[in-house]
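Here are my notes for you, point by point. Keep the structure open while you read, and look up each spot as we get to it.

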Amino acid sequence: MSVSISQVSFEHHRTALGIGEASPRISWQFEGDAGNWSQSGYSIEVSRQGKAAVFDLDSPNSVLVDWPTVALSSAESALVRVKAYGSDNSIDTDWSDVFSVETGLLTNEDWAGAQVIAANKTTETGTPHQPILLRKDFSLGKTEIASARLYITAYGLYEAFINGDRVGDAVLAPGWQSYNHRLVYDTYDVTSLLQKGQNAIGIHVGEGWYAGRIGFDIGRNVWGDTLGAFALLVVTNADGSKETIKTDLTWSSSTGAIVTSEIYDGEYYDAANDQPGWATPGFKPPENSKWIGVKTLAPPLGRLAAPDGPPIRRLEEVELKEVITTPSGATVLDFGQNLVGWLHLDVSGPAGTKIKMVHVEVLENGEIATAPLRTAKQTDHLVLSGSGVQTWEPTFTYHGFRYVQVDNWPVSHTPLDSSSVRAIVVHSDMQRTGDFETSDSLLNKLVQNILWSLKGNFMSVPTDCPQRDERLGWTGDAHAFSPTANFLFDTAGFWRSWLKDVVSEQLENNNIVPVVVPNIPGLELEFPAAVWSDVVVGNAWNTYQSTGDLAALAAQYVGAKAWVESGIPRGADGLWNHTYYQFGDWLDPKAPNDDPGAATTDSALVADAYLVYVTELVAKMASALGVAADAARFAAATEAAKTAFQDAWISPDGTVANETQTGLALPLYFGLFPAGQDVAAAQRLRDVIAANDYRVGTGFAGTHLLGPTLTRYGLTADFYSMLAQTTVPSWLYQVVMGGTTTWERWDSLLPDGTVNPNMMTSFNHYAFGSVANWMFRTIGGLAPAEPGWKTVRVAPEPGGGLTAARATYRGPYGVVSTDWRIDDEGFSLKLVVPPNSRAEVVLPGAGDQVLNVGSGTHGFRLSGEYDVIWEAPSDSSSDSV
């Protein structure tokens with residue numbers, strides 16, 4: 001047997017460089033096949049400033065343990081390794097590998113007087129902002145360079161260069177935040193890019209979300225009207241001396257080949273305006289360029305924040321699948337996958353050749369379908385230099401697409417094929433944690449489609465769609481989808497970042513959570529709405545279930561409590577004030593095309609049901625945080641709201657005002673029926689579903705809870721029947737219609753292959769992909785039995801004709817996995833539990849019987865009526881059952 005430490009992390013950072021926590025909590029994951037292994041204590045070695053110290057503690061904890069020594073100072077690094085000790089005379093781990101952690105700039109003074117600089121020119125008005133180039137030459141002393149860090153952010157988006165080399169691999173940096181409240185800065189190790197003597201630094205800044213056209217078609221300059229950069233380069237020499245280069249009035253500015261680069265509308269790149277070598281020392285500008293001075297803008301001090309989540313990066317490449325000639329004679333590239341990112345070109349042609357690229361998600365009647373983009377152009381232009389092969393990718397835009405119509409490609413100079421064009425996939429670089437597969441290829445494709453929609457919409461904030469003139473942080477979508485996202489990726493840092501903005505926007509808005517975050521002034525989306533505004537409670541709780549992080553829960557409790565206490569507008573009965581607009585069960589399949597909120601379930605019922613639910617969650621949050629008085633108060637409020645809901649929506653005989661799939665599922669899942677009435681209601685829900693030929697009848701509010709509700713009441717087989725449907729509305733309809741992502745509407749593509757004519761039709765929306773949470777938990781059989789996965793709930797329920805399924809999840813303790821199959825000998829399950837954790841196993845048909853097992857690889861087989869054969873790890877004790 002063996003056990004080792006596979007990964008050490010700090011807070012929820014994937015890479016702990018430039019973090020904002022001076023005393024970061026430490027976690028470590030295990031791997032190995034040791035049976036029934038638990039930790040009794042640990043040692044942490046911290047090396048800083050050339051000295052190592054070891055700290056020993058008797059504790060079973062291995063997740064988010066306290067920093068063991070004095071806090072790190074600003075820009076201080078440390079090397080950390082961990083050793084864990086087994087309990088009951090079991091084996092100990094070796095020392096882990098060494099992992100580094102380094103703080104960013106923790107105080108305003110640490111920025112050493114850096115200023116936000118902008119080109120000294122009149123800013124554009126009512127038109128796109130041309131990206132600016134900012135540069136400075138500088139020299140470094142003759143001593144060896146020991147280390148160098150660049151701390152940088154922008155009013156807009158930036159790319160940085162030192163001596164002509166690009167700094168880091170983040171794109172669209174610093175991402176999107178509620179810039180009025182928080183502006184993220186990034187930290188880069190640039191030691192290898194510098195040299196003794198002459199150096200140069202350059203910063204390229206585009207408008208991005210900050211100053212671009214964002215939020216339908218309301219205009220530009222939402223957070224500011226002038227592009228700027230804010231940076232500090234700190235060089236530490238071998239003798240300990242430091243040199244700093246900061247953004248200030250000694251820099252110069254110009255423009256380059258990018259004429260415009262907009263989030264919605266794409267990039268126009270004219271190589272004739274390129275300035276090769278502009279970020280290298282001794283640069284001599286071309287004759288057609290003009291370099292001018294810079295001016296300063298108001299600094300972001302007080303709003304600066306180190307990142308909580310990972311940056312957006314280029315993470316995959318997709319090869320060109322086919323070049324299509326359309327009925328009109330246009331040339332269209334098909335990449336075979338609806339994705340988010342941009343094109344990479346390697347092309348040569350005559351100088352002045354202007355290549356046009358229009359990006360779309362689908363074809364209609366053989367031509368590109370641009371109507372779903374609304375006013376977004378998603379169009380790039382590249383004007384060639386004529387100087388050999390030109391390698392190009394856009395810089396400050398991104399697109400949602402599978403197909404690209406290419407006009408004016410220089411085919412006589414460069415073939416248009418996979419050697420000259422490929423697609424680049426970008427998204428927030430979260431660690432992949434979950435995997436899932438079954439014996440059904442359609443279900444597997446559905447999960448892959450859900451995964452692609454997650455990737456395409458987790459772009460530093462959780463957006464609704466990646467292609468049209470919207471791409472906003474809709475809170476209801478994120479609320480419904482978060483449990484699915486939390487299984488597939490380590491989303492802890494991503495949510496921590498975004499939820500900070502949720503609370504900031506809420507507290508500025510009389511404790512009302514806007515329905516999009518970041519809030520876009522002018523859109524008038526600051527109103528309260530159930531499900532959407534409830535995200536401040538629901539996502540905080542869902543994240544806590546995945547991470548077990550009480551500190552993060554405490555930070556979010558402020559907003560959750562404020563929302564339930566004073567944010568929700570209430571009527572005389574304590575439920576919602578029904579004069580307020582509600583999205584309700586948005587995009588219920590029977591809602592009119594042009595009125596997606598007019599669902600078959602009353603939006604007021606939806607709102608009131610969720611009010612009871614989030615009130616109970618706040619009570620649970622208070623209890624977990626040890627705030628006993630709040631826990632008691634909100635528990636009482638929950639009971640009062642439940643009674644009010646029953647009076648308003650449930651008749652004395654147990655009938656709900658709307659006996660629809662959502663109208664029944666919500667009170668069942670939230671426990672709102674009077675005692676003794678729920679079982680009959682569950683049967684009526686089953687009847688409603690059967691009468692609808694097992695097709696979906698829910699929208700955003702009900703879809704993610706429908707499967708869990710049916711399973712809770714022993715009706716898993718009925719949800720399997722729903723999952724198997726392939727006609728609209730169903731999950732697999734999108735799969736059999738050729739979808740490679742999940743859609744906004746159940747029928748975004750109509751059965752005849754034409755695009756739904758409504759102007760709100762996206763082919764990359766993750767909300768209805770929330771069904772995957774049920775698949776992971778019920779088919780795969782994996783769920784946390786307690787917050788943070790210390791104990792795993794393993795309860796697979798085969799059905800739907802499946803003969804096999806497997807699920808894998810890299811949780812806080814390591815990798816847990818299930819692998820079950822049904823053959824001539826019956827049901828068998830292979831379960832792997834990581835060291836220092838346990839599992840509660842419920843086998844199919846076992847009812848309430850639970851097998852409690854420790855770490856290691858376990859085999860289970862059912863034989864006969866209910867005869868369990870358990871193959872335990874060789875070193876498991878018999879009392880572990």
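1. Which residue with a positive phi follows helix 14? That is Gly-781, with phi near 80 degrees. Before going on, some ground rules: this is a predicted model, where local features need pLDDT of at least 70 and side-chain atom pairs count only at pLDDT 80 or more, while totals for chains, interfaces and linings use all residues. Residues are numbered from 1 along each chain as its sequence is written, and side-chain values use heavy atoms, with hydrogens and water left out.

2. Stay with helix 14, which covers residues 772-779. Helices here are DSSP runs of H or I with at least four residues, strands are runs of E with at least two, and both are numbered from the N terminus. Seven of the eight residues in helix 14 are buried, so the helix is mostly covered; buried means under 20% relative accessible area, exposed means over 50%, and partly exposed is in between, using a 1.4 Å probe and protein chains only. The buried ones are Ala-772, Asn-773, Trp-774, Met-775, Phe-776, Thr-778 and Ile-779.

3. Now find the open sheet of five strands in the order 12-11-16-9-19, with antiparallel pairing. Two strands count as paired if DSSP finds at least two bridges between them. Strand 12 (165-166) and strand 19 (252-255) stand at the edges with a single partner strand each, so one side of each has no neighbour in the sheet. As background, strands of a sheet pair through backbone hydrogen bonds, either parallel or antiparallel.

4. Strand 16 (residues 197-206) deserves a closer look. Eight of its ten residues are buried, so the rest of the structure largely encloses this strand. Strand 9 (residues 132-140) pairs with strand 16 over nine bridges, in the antiparallel sense. Along that pairing, Leu-133 has His-204 as its bridge partner, and Leu-134 has Ile-203. Strand 11 (residues 157-162) pairs with strand 16 too, antiparallel and over six bridges. There, Glu-159 stands opposite His-204.

5. Another open sheet has five strands in the order 2-7-6-4-5, and its pairing is mixed. Its edges are strand 2 (17-19) and strand 5 (51-57), each with a single partner strand, so each has one side without a neighbour in the sheet. On average, neighbouring strands of this sheet are turned by 30 degrees against each other, direction ignored; the axes are lines fitted to C-alpha atoms, for helices over the stretch in contact, and angles run from 0 to 180 degrees between N-to-C directions. Strand 2 pairs with strand 7 (residues 99-103) in the parallel sense over two bridges, and Ile-19 stands opposite Thr-103 there.

6. Further along the sequence you can trace two hairpins. Strand 37 (residues 804-811) and strand 38 (residues 814-823) run antiparallel, paired over eight bridges, and a hairpin of two residues joins them. Ala-805 has Trp-820 as its bridge partner in strand 38. Strand 38 also runs antiparallel to strand 39 (residues 826-833), with seven bridges between them. These two form a hairpin as well, with two residues between them, and Asp-823 is matched with Gly-826 in strand 39.

7. What about empty space inside? The structure holds three cavities of 30 Å³ or more, and the largest has a volume of about 80 Å³. A cavity is a set of points on a 1 Å grid over the protein atoms alone where a 1.4 Å probe fits but cannot get out, and lining residues have an atom within 4 Å of a point. Grid points are joined across faces, edges and corners, and the volume is the space filled by probe spheres set on the points. Among the residues lining the largest cavity are Ala-118, Lys-121, His-129 and Lys-295. The lining divides into four nonpolar, four polar and three charged residues.

8. Finally, two single residues. His-344 lies in strand 26 (residues 331-347) and counts as buried at 8% relative accessibility. Its side chain makes a polar contact of 2.6 Å with that of Glu-393; such a contact is a pair of N or O atoms within 3.5 Å, where within protein one must be able to donate a hydrogen and the other to accept it, and residues adjacent in sequence count only if both atoms are side-chain atoms. Phe-489 sits in the loop between helix 3 (475-488) and helix 4 (492-507), and is buried with a relative accessible area of 4%.

Definitions and conventions:
On a 1 Å grid over the protein atoms alone, a cavity is a set of points where a 1.4 Å probe fits but cannot get out, and a pocket is an open set with protein on both sides within 12 Å along at least five of seven lines; lining residues have an atom within 4 Å of a point. Ala, Val, Leu, Ile, Met, Phe, Trp, Tyr, Cys and Pro count as nonpolar, Asp, Glu, Lys and Arg as charged, and the others, Gly among them, as polar.
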